Each structure stands twice: as structure tokens, then as C-alpha cells.
Amino acid sequence: MFESLTLAPADPILGLTELFQQEPNPRKVNLGVGVYKNAAGGTPVLAAVQEAERRLLDQSTSKTYLPIAGHPQFGAHIQTLLFGAGHRVVRSNRARTAHTPGGTGALRVTADFLHRHSPASKLWLSDPTWENHRAVFAGAGVETALYPYYDAATRSLDFSGMLAALGAASPGDAVLLHACCHNPTGIDPEPEQWEQLAALLAERSLLPLLDFAYQGFGHGLEEDAAGLRTVVRHCPELIVCSSYSKNFGLYNERVGAMTLVAASAEAAERAFSNVKPVIRTNYSNPPAHGAAVVSLILDDPDLRQRWEGELTAMRTRIRAMREQFVAGLARHGVNRDFSFITRQNGMFSFSGLGRGQVQALRDRFGIYIVGSGRINVAGMTEGNMDYLCEAIAAVL
Ligand code: LMR
């Protein structure tokens with residue numbers, strides 16, 4: 001069997017990291033995968049996480065299995081982060097959360113769940129979207145379609161195109177929205193646009209599926225949840241796939257959540273009972289450590305305060321890198337207006353660099369960015385900024 005297999009293409013994001021590791025250029029910079037770097041160029045464990053891990057080590061008495069839906073207190077904490085303290089969907093027991101291995105695990109559980117229980121529905125994805133979205137859903141057998149999102153000419157949201165496409169979607173279709181910090185464009189709908197979008201989803205009976213991987217990386221924990229909370233106000237049913245890789249720096253612990261909101265507590269109970277077999281037949285039950293860390297931090301006022309401080313520092317630093325990047329390009333004689341980069345949210349910047357320029361950055365300078373032109377701004381540092389701007393000026 002193996003003899004007949006052809007070579008699969010490398011992953012467009014994680015495959016770059018593999019190539020980067022073999023790159024001989026001593027000045028190489030990896031701005032491909034979305035990983036945050038501090039001023040020293042490292043991705044250290046957050047102090048709040050380290051303290052939580054110390055306490056967990058002292059308290060830990062068993063490594064027995066978690067339930068299928070994961071860590072028992074994690075779900076309640078996640079629902080508070082997503083919807084806000086005391087939200088009516090939580091009070092009325094309409095929300096159920098499964099703790100999953102990363103945000104990708106949450107997406108895959110959702111994909112299998114949709115395929116099993118709504119096989120005729122399509123999933124609408126933004127054009128462009130995270131490189132892995134289509135593959136995760138198509139891999140589970142879910143048909144996907146694209147709605148317009150990015151207007152390259154104005155470097156802004158193509159809101160009328162988005163509304164027109166979603167207005168023509170069939171009732172029962174699912175629509176994936178990035179709750180904040182759209183990956184890869186960094187462009188999010190304005191509050192008023194969220195209202196219109198949510199009203200349209202409700203009116204057309206479309207199922208909102210919010211991918212929420214960057215809560216706290218845009219404007220703040222509460223501010224970044226505003227779009228989701230608008231959708232909850234309009235739509236009786238929705239699914240949220242959230243990730244704690246970035247905002248807790250827990251990348252390799254794989255901690256995420258799939259939360260469903262149903263129109264009633266009874267429907268939530270029935271729907272969630274159908275999520276459990278999806279998990280059981282996939283990875284059985286999730287790994288415990290990451291969710292235990294997140295739960296402990298969210299449970300303990302002191303750790304929570306420390307974590308929020310560290311999250312604010314990451315967000316502020318990314319904004320500063322955006323400013324320095326735009327100023328650096330101008331200093332290196334780039335005439336093109338790159339000020340849009342300071343208006344984008346989250347880790348990424350959709351730079352507008354073409355495939356040829358992306359390749360030239362790699363070949364000539366050892367600078368790795370995703371083929372779409374997506375740059376991980378959170379991977380820039382004071383130390384690599386000048387080299388980076390000089391290289392981009394050269395390939396432009
Ligand atoms: C990214 O978009 O770079 C991150 O979400 C990491 C990944 O798994 O692709």
C-alpha cells in the first residue's frame with residue numbers, strides 16, 4: 001500500500017516551520033505560524049501559567065481519565081469568558097461546553113457533528129480564511145462554500161458582498177465567522193455590521209459557527225467578545241469553537257473548547273448528548289493538563305489578575321510592533337501606504353505581498369511568511385524589525 005502513495009503537499013503554515021528549521025541563513029525570521037514572541041524573541045511560559053502548574057503539581061493525586069466532555073469546571077469558566085458573567089444563555093442552561101484538544105479539535109468535533117446530524121448543510125467560509133478551515137471540514141465530509149470577505153482594492157471588509165452571499169445561503173447552512181482578529185486579514189466587522197450580520201443569520205435560519213482563537217488579542221477580553229454576544233442576542237442556536245493556545249500561551253498543551261447554545265435547556269441536553277459520541281469515537285476524552293491550568297487561573301482572583309496583565313502586555317506589544325513595522329518600512333524608502341497594518345487586529349497582517357515576493361523573502365533573506373502574504377506581526381521583535389523592513393523594501 002505505501003509504495004503506491006504519492007508525496008502529500010506540506011502544510012501551508014506548520015510545513016513552513018519545518019522548512020524554517022532547515023534554513024541555514026543565520027538572520028532567518030519565522031513569521032509564518034501564529035506564535036507570540038517577546039522582546040527577546042522567545043515564547044516563554046506565562047508567569048500565571050507557571051504558578052498554576054506549580055500548584056497543580058502539588059495538588060495532583062491522580063491521572064485517571066477525564067469525562068468525555070473534559071474537565072468539569074473548565075466548561076463553566078469558558079462560558080463566562082465567552083458570554084460574560086451571569087449571561088442568560090448560561091443561567092437558563094442553554095449552553096454546553098466540551099473541552100477539546102485545541103481549537104482545531106473543537107472545529108473537528110463540530111465538523112463531525114454537523115456531518116452526522118445535518119448532512120445536507122453546507123458550511124460557508126470567509127474568503128480568505130485560516131488555511132486549515134476548509135481541510136478540517138472537508139476532511140469530515142462537510143461541503144464548504146466561500147463568502148466574500150476581503151476587498152483587496154480598499155484593504156477593508158467587503159461587507160455588502162458578504163451579506164449578499166449569505167443572503168443567498170440555504171436555511172440550515174452553517175456560517176463560520178471569526179469572532180475577532182480575523183485570520184488572516186486582521187479585519188473585523190464593526191459593531192453595527194455584527195448587528196446586521198446576526199439579524200441576517202437569524203432571519204435566514206443559518207447556524208452561526210464562531211471561531212474564537214484570539215480573545216484578548218484585539219482590544220480586550222470583553223471587547224473581543226462583543227461580536228459573539230451580538231450573535232447570541234439574535235440567534236437561538238450557535239456553536240463556538242474557542243482556543244486557549246494564544247491567550248494563555250498554552251500552544252502545545254492543546255486546550256480548546258466546543259460550546260453549543262440551543263434554543264432551550266432540553267434541546268441543549270439532547271444536542272450535547274450527540275456531541276459526546278463524536279468525541280468518544282475520535283479521541284475518547286481530552287488531555288487534562290492545559291484545561292486544568294486554565295480553570296485554576298480563571299478560578300483564582302490573584303492568578304486571574306496576573307494572567308490578564310500578561311495578556312494585556314502581549315496585546316500592547318503586538319500593537320507596538322505594528323506601529324514600528326509601518327514606520328520601519330517608511331524609513332527604508334517604501335512609498336506604498338502600509339498604514340492599514342496599524343488598523344488590523346490580532347496577530348496577523350495581510351500584507352498584500354504577492355507569491356513571488358513571499359518566495360523572494362524566503363530565498364534571499366530567510367524570512368518565512370505564509371504564501372497568501374499573511375505575516376505574523378506577533379513574531380516581530382525590536383531585534384529583527386530593521387532586517388525585516390529592509391528585506392521587504394528590497395522585494396517590493
Ligand atoms: C496559525 O494560523 O498560524 C495558527 O492558528 C497555528 C496553526 O495551527 O495554524
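Is V232 buried or exposed? Select V232 in this predicted model: the residue has a relative accessible area of 2%. Buried means under 20% here, so V232 counts as buried.

**Helix α9**

Keep V232 selected and show helix α9, residues 226-234, in which V232 lies. Now display the contacts of V232, leaving out residues within four places in sequence: F83, H87, R88, V89 and L238. To move on, draw a distance from the C-alpha of V232 to the C-alpha of A268; the two are 14 Å apart in space and 36 residues apart in sequence.

**Helix α10**

A268 is one of the buried residues of α10, together with F272, V275, V278 and I279. Viewed down the axis of α10, these buried residues fall within an arc of 95°, so they line one face of the helix. An α-helix has 3.6 residues a turn, so residues three or four places apart point the same way.

Select the whole of α10, residues 265-280, and check its length. At 1.5 Å a residue, its 16 residues should span 22 Å, and the C-alpha atoms at its ends are 23 Å apart, which agrees.

Next, colour the elements that the buried residues of α10 pack against: β2 (95-100), α5 (102-117) and β10 (256-261). Then turn to the face pointing away from the buried side, where the exposed residues E266, R270 and R280 are found.

**The loop after α10**

Select S284, in the loop between α10 and α11 (289-299). Its phi is near 75°, a positive value in a residue that is not glycine. S284 is buried, at 18% relative accessible area.

Another serine with positive phi is S205, at about 55°. Look for S205 in the loop between α8 and β8 (207-212). With a relative accessible area of 47%, S205 is partly exposed.

**Two cis peptide bonds**

Which peptide bond is cis with omega near 5°? Select D127 and P128: the bond from D127 to P128 is the one. P128 sits in the loop between β3 (122-127) and α6 (133-139).

Go next to N183 and P184, whose peptide bond is also cis, with omega near 20°. P184 belongs to the loop between β7 (174-178) and α8 (191-203).

**The ligand**

N183 leads to the next stop, since the ligand is surrounded by I13, V33, G34, W130, N183, Y214, K246, F348 and R374. Show these side chains and pick out three polar ones. A polar side-chain atom of R374 lies 2.8 Å from a ligand oxygen atom. For W130, the distance from a polar side-chain atom to an oxygen atom of the ligand is 3.0 Å. For K246, the corresponding distance is 3.2 Å. Of the 260 Å² of accessible area that the ligand has on its own, the protein covers 82%.

**Strand β11**

Finish at S349, in strand β11 (residues 348-350). What is the relative accessibility of S349? The value is 0%, so S349 counts as buried. Its side chain makes a polar contact with the side chain of Q344, at 2.8 Å.

Expand the selection to the residues that S349 touches, again setting aside those up to four places away in sequence: P184, R322, I341, Q344, G373, R374, I375 and V377. Two of these were met earlier: P184 follows the cis bond from N183, and R374 is among the residues around the ligand.

How values were computed
Residues numbered from 1 in each chain as written. Predicted model: local features only at pLDDT ≥ 70, side-chain atom pairs only at ≥ 80, totals over all residues. Heavy atoms only, no water. Helix = DSSP H or I, 4+ residues; strand = E, 2+ residues; numbered from the N terminus. Expected span 1.5 Å × (residues − 1). Buried < 20%, exposed > 50% of the residue type's maximum accessible area, 1.4 Å probe, protein only. Arc of directions from axis to C-beta. Contact = heavy atoms within 4.5 Å. Near = heavy atom within 4 Å. Polar contact = N/O pair within 3.5 Å; in protein donor to acceptor, adjacent residues only side chain to side chain. Areas by Shrake-Rupley, 256 points an atom, 1.4 Å probe, with all protein chains shown as cover.
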